[in-house]
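These are my notebook entries on one helix and on the aromatic rings of a model. I begin with the helix and its surroundings.

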Amino acid sequence: MKKIILSDFDHPIVKAKAAELTNKTAADKDKIQNIFNYVRDEIAFGFPANGDIMRASQTIVLKMGQCNTKSTLFLALCKAAGIPARIHFSTIKKEIQRGLFTGIAYRIMPDTLSHSWIEVKTDGEWIRIDSYINDKGFYAAGKYQLKKRKWNTGFSISCTSGESSAELNLNEEKFVQMDAVIDDHGAWDEPMDYYNSSLYKNRPGFLKLFIYRLMVGRINRRVKKLRKECFSNGLCGT
């Protein structure tokens with residue numbers, strides 16, 4: 001059986017996007033910044049119907065993703081651009097999805113979920129990045145909702161130890177979800193290897209996948225509504 005590769009960096013769509021983002025700059029840090037900006041803002045935060053099992057090339061076409069599918073795309077773009085990168089998996093508290101998943105959808109969610117971020121190597125050091133997960137518009141909407149409800153974690157943001165950030169700083173790590181991370185499942189070269197392992201927590205059975213697909217459209221509409229309301233009311237800056 002042919003191995004499934006999710007970080008399909010040699011796919012024509014991925015190669016073309018990586019070239020578009022990086023061919024006009026020489027420094028790896030500038031290339032990483034361009035990839036970061038694209039994954040954060042051109043891939044809107046949202047939940048694909050197939051969950052985590054999305055090829056990078058599919059996420060480019062869909063123009064939407066969550067932590068794991070955006071991380072897969074970030075990894076593939078770095079590989080295509082010749083930038084050393086790896087994907088790091090962990091578990092994260094389900095509270096990170098509070099306010100997005102509500103009612104029964106939130107109640108049936110396991111207490112911890114498999115989660116990922118990207119690590120890139122610059123100047124001989126591995127730097128952790130997760131601030132591309134929420135596009136800037138949705139990040140601003142989430143921050144507004146946290147302040148309004150006096151929560152530290154929810155709406156795809158966690159700031160229990162201080163201020164979160166949706167910006168990239170390769171000299172000083174800034175995070176948007178890291179405060180909700182629990183266990184460490186290590187760094188991987190290919191996401192599907194992790195998803196095939198016993199460490200993976202998000203593997204749904206047929207019934208759970210069916211329920212998820214029934215609910216995901218409503219959840220994505222909620223994300224869009226929060227983003228739109230925040231900006232239309234002048235509450236989230238420009």
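I looked up what covers the buried residues of helix 8, and the list includes strand 1 (44-45), strand 2 (64-65), helix 5 (103-107) and helix 6 (136-149); contact means heavy atoms within 4.5 Å. Helices (H or I, at least four residues) and strands (E, at least two) are DSSP runs, numbered from the N terminus. The model is predicted: local features need pLDDT of at least 70, side-chain atom pairs count only at pLDDT 80 or more, and totals for chains, interfaces and linings use all residues. Residues are numbered from 1 along each chain as its sequence is written, and side-chain values use heavy atoms, without hydrogens and water.

In helix 8, I found Y212, M215 and V216 among the buried residues (buried is under 20% relative accessible area, exposed over 50%, partly exposed in between; 1.4 Å probe, protein chains only). M215 is also the centre of a kink of about 35° in helix 8, the bend being the angle between axes fitted to the seven residues ending there and the seven starting there.

I then searched the whole structure for aromatic pairs and obtained 11 (Phe, Tyr and Trp rings, the six-membered one for Trp, with centres within 6.5 Å; planes under 30 degrees apart are stacked, over 60 edge-to-face, the rest tilted). The F74 and Y132 rings have centres 4.9 Å apart and planes at 55°, so I entered the pair as tilted. F74 lies in helix 4 (residues 67-80) and Y132 in the loop between strand 5 (125-129) and helix 6, 58 residues apart. Both F74 and Y132 are buried.
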